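Good morning, colleagues. I would ask you to look at the sequence and the structure before I begin.

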Amino acid sequence: MPLYEFHCLNCDTQFEELVFSQTELPPCPNCSSLKTEKLISRPCRSKHAGGSNIDIPSMSSQAGSGSSACAGCSGGSCATCGH
């Protein structure tokens, strides 16, 4: 069961849900509306491992140095905030 991100068209809430199929649209946990849509998630990009073409998430050396990162990256090679 993959975890997907959804958006409620009724109350504008974004939420994550484990679903059984790719076409299942769960009700909104905030307002119980069935008017929800699946969001397209942006994949995590990071440094290449061993020169391969496979992107493997890794934490940057700045993550533990006390510098703050944006909420979306957790301090690991973020294209948004640079951490």
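Leaving aside its neighbours within four places in sequence, which residues is Ser33 in contact with? The answer is Cys8, Asn10, Pro27 and Cys28. Please bear in mind throughout that we are looking at a predicted model.

Let me stay with Ser33 for a moment. The residue is placed in the loop between β2 and β3. Its relative accessible area is 11%, so Ser33 is buried, the limit for that class being under 20%. A polar atom of the Ser33 side chain lies 3.0 Å from the backbone nitrogen of Lys35.

Ser32 is also in the loop between β2 and β3. With a relative accessible area of 56%, Ser32 is exposed, because that class begins over 50%. The phi angle of Ser32 is near 65°, a positive value in a residue other than glycine. As background, most residues other than glycine have a negative phi.

I turn now to the overall architecture. The protein has 3 strands and 0 helices, and along the sequence the pattern reads β-β-β. Of its 83 residues, 22% count as buried. The exposed area of the protein is about 6,100 Å², and 53% of that area is supplied by carbon and sulfur atoms. Among contacts with a separation of 6 or more, 21% are between residues 24 or more positions apart.

How do the strands pair? Strand β1, residues 3-8, pairs with strand β2, residues 14-18, in the antiparallel sense, over 5 bridges. Within this pairing, Leu3 stands opposite Leu18 of β2, and Phe6 has Phe15 as its bridge partner in β2. Strand β1 is also joined to strand β3, residues 36-38, by 3 bridges, and these two strands run antiparallel as well. Here the bridge partner of Cys8 is Thr36 in β3.

The hairpin of β1 and β2 has 5 residues between the strands, and Asp12 takes a positive phi near 65° there. Asp12 is placed in the loop between β1 and β2. Is Asp12 buried or exposed? Its relative accessible area is 58%, so Asp12 counts as exposed.

Thr13 is in the loop between β1 and β2 too. Its side chain makes a polar contact with the side chain of Asn30, at 3.4 Å. Leaving aside neighbours within four places in sequence, Thr13 is in contact with Phe6, His7, Cys8, Cys28 and Asn30. Two of these names, Cys8 and Cys28, appeared in my opening answer about Ser33.

Next, the aromatic residues. How many aromatic pairs are there? The count comes to 2 aromatic pairs. Tyr4 and Phe6 form an edge-to-face pair, with 6.5 Å from centre to centre and 70° between the planes. Both Tyr4 and Phe6 are buried. The rings of Phe6 and Phe15 have centres 5.7 Å apart and planes at 25°; this pair counts as stacked because the planes are under 30 degrees apart. Both Phe6 and Phe15 are buried. Taken together, the ring pairs link Tyr4, Phe6 and Phe15 into a cluster. For Phe6 and Phe15, the ring pair therefore comes in addition to the bridge partnership between β1 and β2.

What sits over the ring of Tyr4? The charged end of Lys38 does, at 4.1 Å from the ring centre. Tyr4 thus has two entries in this account: the edge-to-face pair with Phe6, and the charge of Lys38 over its ring.

One further residue concerns Tyr4. Ser41 lies in the segment after β3. In sequence, Ser41 and Tyr4 are 37 residues apart, while in space they are 8.1 Å apart, C-alpha to C-alpha. The relative accessibility of Ser41 is 43%, so Ser41 counts as partly exposed.

To close, let me restate the main items. β1 pairs antiparallel with β2 over 5 bridges, and 3 bridges join β1 to β3. Tyr4, Phe6 and Phe15 are linked into a cluster by ring pairs. Positive phi values near 65° are found at Asp12 and at Ser32. Thank you for your attention.

Conventions: Residues numbered from 1 in each chain as written. Predicted model: local features only at pLDDT ≥ 70, side-chain atom pairs only at ≥ 80, totals over all residues. Heavy atoms only, no water. Phe/Tyr/Trp six-rings, centres within 6.5 Å; stacked < 30°, edge-to-face > 60°. Buried < 20%, exposed > 50% of the residue type's maximum accessible area, 1.4 Å probe, protein only. Lys NZ or Arg CZ within 6 Å of the ring centre and 35° of its normal. Pairing = 2+ DSSP bridges. Helix = DSSP H or I, 4+ residues; strand = E, 2+ residues; numbered from the N terminus. Contact = heavy atoms within 4.5 Å. Areas by Shrake-Rupley, 256 points an atom, 1.4 Å probe, with all protein chains shown as cover. Polar contact = N/O pair within 3.5 Å; in protein donor to acceptor, adjacent residues only side chain to side chain.
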